[in-house]
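Student: Could you take me through a close look at how the helices pack in this model, and then at whatever surrounds them? I would like the cut-offs spelled out as you go.

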Amino acid sequence: MATRETRLRVISLYKELHRLGRDYPDPAYNFHKKLRGLFEKNRNLSDPEEIEKAIKLGEYIRNETLALYSLRKYRHLKRMYPQDSFSDPLP
Amino acid sequence: MRPSAVRLLNILVPVKRTVDYAVKIRVNPDQKGVDLNVKHSMNPFDEIAVEEAVRLREKLKDEVKSIKVVTIGPPKAAETLRTALAIGADSGIHIEIPESAPAPEPLGVAKALRAIIEREKDGVDLVIMGKQAIDDDAGQTGQMLAGLMDWAQATFASKLVVDPKSKEAEVTREVDGGLQELKCRLPLVVTTDLRLNEPRYASLPNIMKAKKKPIQKITPADLGVDLKPILETIKVTEPPKRVGGGKVENVDQLIAKLKEAGITPVKS
């Protein structure tokens, strides 16, 4: 049975993913629908090992999404503000 | 001989609320500005500045006494301060201007920052700020502030090492053709380059904690600073549309096209 502690972890993970989903760059990808769907699918899990596995997957997706956002931003900024257009690349 | 008291660092990080980097900019029909009814967020270079201040604290621990963030903007700019507080700053100062007021210019901002620094009773040892804002790309405020304060400046920093005991900092700067290493005495203004660090994401627990951190509201009049613009924007236009390229069949055609364009061969 899901303990109170795991309940809180799952809820805070959901809130975090939901907030992240607001900035998702591709409008065609329905982040919130997928998020809701995946959490709903696992709502009746009772085995603590399975619950832990599901939480780990959620955290993995959160980290991947964060990496996506920071890489996207860095790549955009690097293009807009290149290192230096005029320096000789070779000494 | 009495040892001198360990000097604690007071860091000030000015941040700016700008149009979000991912927004497609549209020029207004009156050609005097761009559409500002879009998503705004913290200037990416300022995010790097806040991150650097937080990393300094992680490295120097108690030697960093305070990290204060300051912004000049309409009421909504308080969100930008909250983001900075969530990344790890201690407190914020919001110099509030009306929603309808024109965007402040670098000299005005520098003068306001000078007033803030002079008001800080613990003083400010280090100002870390973005090298430029992605909306105006002026890249002047840091330099102007250092000039007004008669402080050392190290701009386009890609590496920052601070020693509070000796009140010195070693800064690696990105310059044309390579890197330059500077040794500077505090107090110092540093402006951040893209390659200084990778800002962290403000996690939800940190955002919640940040709601309790204090933000002081103040007006330019309280500081005795006039932010009226001294520059007038005459016209804003989009860059010219790219003209399509053409394909060539072989190298001879390529050489012919290059000659047409006026490119002459160089004697090797």
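Tutor: Happy to; here is the helix packing, followed by the chain contact and two backbone details.

The model is predicted, so local features need pLDDT of at least 70 and side-chain atom pairs count only at pLDDT 80 or more, while totals for chains, interfaces and linings use all residues. Residues are numbered from 1 along each chain as its sequence is written, chains are lettered from A and ligands numbered from 1 in the order in which they are written, and side-chain values use heavy atoms, with hydrogens and water left out.

Two packed helices are described by the angle between their axes and the distance between the axes. Helices here are DSSP runs of H or I with at least four residues, strands are runs of E with at least two, and both are numbered from the N terminus. Axes are lines fitted to C-alpha atoms, for helices over the stretch in contact, and angles run from 0 to 180 degrees between N-to-C directions.

Let us start with H1 of chain A, residues 4-21. Helix H1(A) packs against H2(A), residues 31-41, at an angle of about 165°, with the axes 9 Å apart. That makes H1(A) roughly antiparallel to H2(A); angles over 145 degrees count as roughly antiparallel, under 35 as roughly parallel, 65 to 115 as roughly perpendicular and the rest as oblique. The crossing of H1(A) and H2(A) is right-handed, a term for the near helix being turned clockwise from the far one by less than a right angle, with anticlockwise giving left-handed. On the H1(A) side, A:Val10, A:Leu13, A:Tyr14, A:Leu17, A:His18 and A:Gly21 meet residues of H2(A) including A:Phe31, A:Leu35 and A:Phe39, where contact means heavy atoms within 4.5 Å. The residues of this contact divide into 7 nonpolar, 3 polar and 1 charged (Ala, Val, Leu, Ile, Met, Phe, Trp, Tyr, Cys and Pro are nonpolar, Asp, Glu, Lys and Arg charged, the others, Gly among them, polar).

H1(A) also packs on H3(A), residues 48-80: the axes come within 10 Å and cross at roughly 25°. H1(A) and H3(A) are therefore roughly parallel to each other, and H1(A) passes H3(A) in a left-handed crossing. The contact residues of H1(A) with H3(A) divide into 9 nonpolar, 4 polar and 6 charged. A:Val10, A:Leu13, A:Leu17 and A:Gly21 are among those in H1(A) that meet H3(A), and these residues are also among those that meet H2(A).

For context, UniProt lists residues 9-59 of chain A as "domain: Complex 1 LYR protein" in an unreviewed entry; such annotations may be inferred rather than shown by experiment. That span is 71% helix and 0% strand, and its end C-alpha atoms are 10 Å apart.

Next comes the partner chain. In the contact between the chains, 19 residues of chain A touch 22 residues of chain B. The area buried between them is about 1800 Å², of which carbon and sulfur atoms give 57% (buried area is the accessible area, with a 1.4 Å probe, that two parts lose on being put together, summed over both). A:Arg19, A:Lys73 and A:Tyr81 supply 34% of the area that chain A buries against chain B, more than any other three residues.

Within chain B, the axes of H3(B), residues 106-119, and H4(B), residues 141-149, come within 8 Å and cross at roughly 50°. H3(B) and H4(B) are therefore oblique to each other, and the crossing is right-handed.

Finally, the backbone of chain B. The peptide bond from B:Leu186 to B:Pro187 is cis, with omega near 0°, and B:Pro187 sits in the loop between strands E9 (178-185) and E10 (188-192). B:Lys61 has a positive phi of about 50° although it is not a glycine.
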